[in-house]
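Q: Could we go through this model together, a few positions at a time?

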Amino acid sequence: SDIGSQKDRVVTEEEWLQKWEMGNIGFHKEQGHPLLQKYLDVLLNGRSGLRIFFPLCGKAVEMKWLADMGHNVVGVEVSEQAVKEFFSDHSLPYCEEPVPEISGAKMFQSTSGNISLYCCSIYDLSSSMVGKFDGVWDRGALVAVNPCDRQRYASLMINLVEKNSSYLLVTVSYDPNKHKGPPFYVPESEIKSLFG
Ligand code: SAH
């Protein structure tokens, strides 16, 4: 098939936590992503003070970048280590509080209030808890989702965005028979059927 042997591959949350513990985080880039710089105008569309969502955020430096531009950033990340490293890497003071709706989840918020990172699985979030977003930066997110969870992920994302939102999605193109992923290969035809 189009995605070859990747269809049944599963990376567990435990494995993601281990990657962070082992420092096995080749996906993390210290430099802001060139495609976000290139398509920033598409994301913002002339608007200011947006609510921007970072699914599966890791410690993406673009969160700091967009917050510094005056936007409100919300991320979700299963690794507490990643979330804490984000704040310490940027010397940002933060506070943490439990999320009453999700058992075991915590929300880490910069003291300035414009960056809120939920430490839980993205599948535990809903728009009734986090509201809706004007923009999404999806890099290392859809392509990190297990192929069997893609439909669920896309439905959730569609539910989390406002009608006039912009969604920037970065995928990677390669032969899925030569690498087991993640990042997984998500063909364009599948993106169309997932997001319409
Ligand atoms: N978007 C980030 C990180 C990409 S790697 C960047 O651009 O650097 C994918 C991240 O998703 C990892 O940090 C992993 O810990 C996290 N993750 C994996 N499954 C998750 C889930 N179900 N919910 C929330 N985070 C998850």
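**Pro182 and its surroundings**

Q: Which residues does Pro182 touch, not counting residues up to four places away in sequence?
A: Pro182 touches Arg9, Val11, Trp16, Val143 and Ala144, with residues up to four places away in sequence left out; contact means heavy atoms within 4.5 Å. This is a predicted model, in which local features need pLDDT of at least 70 and side-chain atom pairs count only at pLDDT 80 or more, while totals for chains, interfaces and linings use all residues. Residues are numbered from 1 along each chain as its sequence is written, and side-chain values use heavy atoms, with hydrogens and water left out.

Q: Where is Pro182, and is it buried or exposed?
A: Pro182 is in the loop between β7 (161-170) and α7 (188-195); helices (H or I, at least four residues) and strands (E, at least two) are DSSP runs, numbered from the N terminus. Pro182 counts as buried because its relative accessible area is 18%. The classes are buried under 20%, exposed over 50% and partly exposed in between, with a 1.4 Å probe and protein chains only.

Q: How far apart are Pro182 and Asn146 in space?
A: Their C-alpha atoms are 8.2 Å apart, with the two positions 36 residues apart in sequence numbering.

Q: Turning to Pro93, is that one buried or exposed?
A: Pro93 counts as exposed because its relative accessibility is 52%. Pro93 belongs to the loop between α4 (80-89) and β3 (94-98). Beyond four places in sequence, Pro93 touches Gln109, Ser110 and Thr111.

Q: And Ser116, where is that found?
A: Ser116 is in strand β5 (residues 115-119). Ser116 is buried, at 9% relative accessible area. The residues that Ser116 touches, again without those up to four places away, include Val73, Gly75 and Gln109.

Q: Now the ligand: which residues come nearest?
A: Of the 15 residues around the ligand, Trp20, Leu56, Glu77, Ile122 and Arg139 come nearest; a residue is counted there if one of its heavy atoms lies within 4 Å.

Q: Which backbone atoms approach the ligand's nitrogen atoms?
A: A backbone N or O atom of Ile122 is 2.9 Å from a nitrogen atom of the ligand. A polar backbone atom of Val78 lies 3.1 Å from a ligand nitrogen atom.

Q: What about the side chain of Ser121?
A: An N or O atom in the side chain of Ser121 is 3.3 Å from a nitrogen atom of the ligand.

Terms used. Polar contact = N/O pair within 3.5 Å; in protein donor to acceptor, adjacent residues only side chain to side chain.
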